[in-house]
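Hi there,

Here is the structure I promised to pass along. Have a look at it first, and then read on for my notes.

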Amino acid sequence: MNDNNSTLDLIALLCLLVLATVVYVVTGPEAFAAVTGVGVGLFTSWRGRRGRE
């Protein structure tokens, strides 16, 4: 079961990276800090919530 969790974590992280890249390309370098902060926050909260299950 742990292998499935690792795969799911990798997929989620890659999806967030792709989404952050798209937003960065569309909005430009002015939004880099906001996009990075939101992406890290979403992944951390998602990962933390799954760790309690």
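Below is what turned up, going from the whole chain to single residues.

Please keep in mind that this is a predicted model. The protein chain holds two helices and zero strands. Of its 53 residues, 15% are buried. The accessible surface of the chain is about 4200 Å², and carbon and sulfur atoms account for 70% of that area.

Next, the largest pocket, which has about 190 Å³ of space. Which helices supply its lining? Both α1 (2–27) and α2 (32–51) do, with at least two residues each. If you would like to highlight the lining in your viewer, select L13, L16, L17, A20, T21, Y24, F32, V35, T36, G39, V40 and F43. By class, nine of these lining residues are nonpolar and three are polar, while no charged residue takes part.

There is also a nonpolar patch on the surface. It covers about 350 Å² and is made by L10, L13, L14 and L17. Two of those names, L13 and L17, also appear in the pocket lining, so it may be handy to colour the patch and the pocket together when you look at them. Within the patch, L14 belongs to helix α1. Is L14 exposed or partly exposed? L14 is partly exposed, because its relative accessible area is 44%, and exposed would need a value over 50%.

L19 is another residue of helix α1. With a relative accessibility of 52%, L19 does count as exposed. How far is L19 from V35? The two are 16 residues apart in sequence, and their C-alpha atoms are 9.2 Å apart in space. V35 is one of the residues lining the largest pocket.

That is everything from my side for now. Happy browsing!

Best wishes

Conventions. Residues numbered from 1 in each chain as written. Predicted model: local features only at pLDDT ≥ 70, side-chain atom pairs only at ≥ 80, totals over all residues. Heavy atoms only, no water. 1 Å grid on protein atoms, 1.4 Å probe; cavity = no way out; pocket = protein on both sides within 12 Å on 5 of 7 lines; lining within 4 Å. Points joined across faces, edges and corners; volume = space filled by probe spheres on them. Helix = DSSP H or I, 4+ residues; strand = E, 2+ residues; numbered from the N terminus. Buried < 20%, exposed > 50% of the residue type's maximum accessible area, 1.4 Å probe, protein only. Areas by Shrake-Rupley, 256 points an atom, 1.4 Å probe, with all protein chains shown as cover. Patch = residues over 30% accessible without salt bridge, like charges linked within 9 Å, V, L, I, M, F, W, Y side chains within 5 Å. Salt bridge = Lys/Arg side-chain N within 4 Å of Asp/Glu carboxyl O.
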